[in-house]
Amino acid sequence: MLAVTLNLLFPHSISRTESEFENSAMTSIKQEGLPLIDPSKIELRRETAVVLPGKRRGAHAALGYMCSAVLLVLFNKAALSSYSFPYVNVITLFQMLSSCAFLYAMKRWKIISFSEGEPQSVTSNPITLIPLRTLVHTLPLAVSYLLYMLITMESVRGINVPMYTTLRRTTVAFTMIVEYLLTGRKHSSYIVGSVGITILGAFVAGARDLSFDAYSYSIVFMANICSAVYLASIAHIGKSSGLNSFGLMWCNGIICAPILLLWTSFKGDLEALMSFPYLYSSGFQVVMLLSCIMAFLINYYVFLNTTLNSALTQTICGNLKNCFWDGS
């Protein structure tokens, strides 16, 4: 029963270790000449020795995402409100460039690897650090991330905050649909019913602020779709490319950062940044540094949580994170 409950929350954490446990157990029995063990006892040992550690890793990824997300909001709010920094795209650009710098340094120093089963491997390409074909394979992930960022920034205009929060709760349903279309994954009736109750509760909570605006509503739903495609792409491309969470973050960064750099230059944000009065303030620089560090952590936990658990779990963690933030 314990295994069933944990498997409902974190479905992908133990699938790769079950057969290894059974094979090693049977081999030990034959070598020692011991009598065969009751299969129910082997099942019990598997639950206590394999299931729980795997589930804990998935739970730690989910909790790590929620904690880093709340801290990121705090530091971003300090930069945008306390220091009146008006350039949101510049913050995102700094966070992305810092993430790429962290990953590049750790990769060159052989602290991390980008591929599963190839620790500290370095390709012949000293710039991309991964084969070009693998980089092209992750292109849909980067495109969905860019669309998600741009449409999300547009979606907050022309709609009140309670209704925006209510409509964003429907991302869970969109994630289930996109996950089924991309990976063929089906969820149980219990999960579908829980998602339905969550969405119903969100609409009940925002019913008093209902103000229909076709354009604003359509933009928010487009943001939900892009978010669902992005999360489902992490799980799908992560498995097909052989990259781990660090590798996916690296590919996403080196594709998106140049595009975002061109976009901020075109809008004149970088030029206006030089005249920002707090640019050389030590307090502002510390806030920006902490924001970049937390952005690196939250991106890592998004990729880790989605690959260890599922895109649906990551979406639900986003909703839970908002509850903790509202409560704070």
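# A walk through the helices

The crossing of helix 8 and helix 10 is right-handed, meaning that the near helix is turned clockwise from the far one by less than a right angle (anticlockwise would be left-handed). What you have open is a predicted model, where local features need pLDDT of at least 70 and side-chain atom pairs count only at pLDDT 80 or more, while totals for chains, interfaces and linings use all residues. For selections, residues are numbered from 1 along each chain as its sequence is written, and side-chain values use heavy atoms, with hydrogens and water left out.

**Stop 1: helix 8 on helix 10**

Select residues 171–183 for helix 8 and residues 214–241 for helix 10. Helices here are DSSP runs of H or I with at least four residues, strands are E runs of at least two, and the numbering goes from the N terminus. The two axes come within 8 Å and cross at roughly 45°; each axis is a line fitted to C-alpha atoms, for helices over the stretch in contact, with angles running from 0 to 180 degrees between N-to-C directions. Helix 8 and helix 10 are therefore oblique to each other (under 35 degrees would be roughly parallel, over 145 roughly antiparallel, 65 to 115 roughly perpendicular, and the rest is oblique).

Now show side chains. On the helix 8 side, the contact is made by Thr171, Phe174, Thr175, Val178, Glu179, Leu182 and Thr183. Helix 10 brings in Phe221, Asn224, Ile225, Ser227, Ala228, Val229, Ala232, Ser233 and His236. Contact means heavy atoms within 4.5 Å. Colour these residues by type and you get 8 nonpolar, 7 polar and 1 charged; Ala, Val, Leu, Ile, Met, Phe, Trp, Tyr, Cys and Pro count as nonpolar, Asp, Glu, Lys and Arg as charged, and the others, Gly among them, as polar.

**Stop 2: helix 10 on helix 13**

Keep helix 10 and add residues 282–308, which is helix 13. This pair packs at an angle of about 65°, with the axes 8 Å apart. That makes helix 10 roughly perpendicular to helix 13. The crossing of helix 10 and helix 13 is right-handed. The residues to highlight are Tyr230, Leu231, Ile234 and Ala235 from helix 10, and Val302, Phe303, Thr306 and Thr307 from helix 13. By type, this contact of helix 10 with helix 13 has 6 nonpolar residues, 2 polar and no charged.

Zoom in on Thr306, in helix 13. Is Thr306 buried or exposed? Thr306 is buried, at 1% relative accessible area (buried is under 20%, exposed over 50%, partly exposed in between, with a 1.4 Å probe and protein chains only). Leaving aside neighbours within four places in sequence, Thr306 touches Leu231, Ile234, Ala235, Ala311 and Gln314. Draw a C-alpha to C-alpha distance from Thr306 to His236 and you should read 9.8 Å, for residues 70 apart in sequence.

**Stop 3: the aromatic rings**

How many aromatic pairs are there? The count comes to 17; rings of Phe, Tyr and Trp (its six-membered ring) pair if their centres lie within 6.5 Å, and planes under 30 degrees apart count as stacked, over 60 as edge-to-face and the rest as tilted. One of them to select is Tyr83 with Tyr278, edge-to-face at 5.5 Å centre to centre and 75° between the planes. This pair links distant parts of the chain, 195 residues apart: Tyr83 is in the loop between helix 3 (39–82) and helix 4 (88–108), Tyr278 in the loop between helix 12 (269–273) and helix 13. Tyr278 is partly exposed, at 40% relative accessible area.

Then go back to helix 8 and helix 10 for Phe174 and Phe221: the ring centres are 6.0 Å apart and the planes at 55°, so the pair is tilted. Phe174 in helix 8 and Phe221 in helix 10 are 47 residues apart, again linking distant parts of the chain. Phe174 is partly exposed at 22% relative accessibility, and so is Phe221 at 29%.

For the wider ring picture, select Tyr83, Phe85, Tyr87, Phe276, Tyr278 and Phe284, which form one aromatic cluster.

**Stop 4: two loop residues with positive phi**

Next to Tyr83 in your sequence panel is Ser84, in the loop between helix 3 and helix 4. Its phi is near 55°, a positive value in a residue other than glycine. Lys110, in the loop between helix 4 and helix 5 (132–137), also has a positive phi, near 60°. Lys110 is exposed, with a relative accessible area of 53%.

**Last stop: zoom out**

Switch to cartoon: the protein has 14 helices and 0 strands. Buried residues make up 45% of the 328 residues. Of the contacts with a separation of 6 or more, 81% are between residues 24 or more positions apart.
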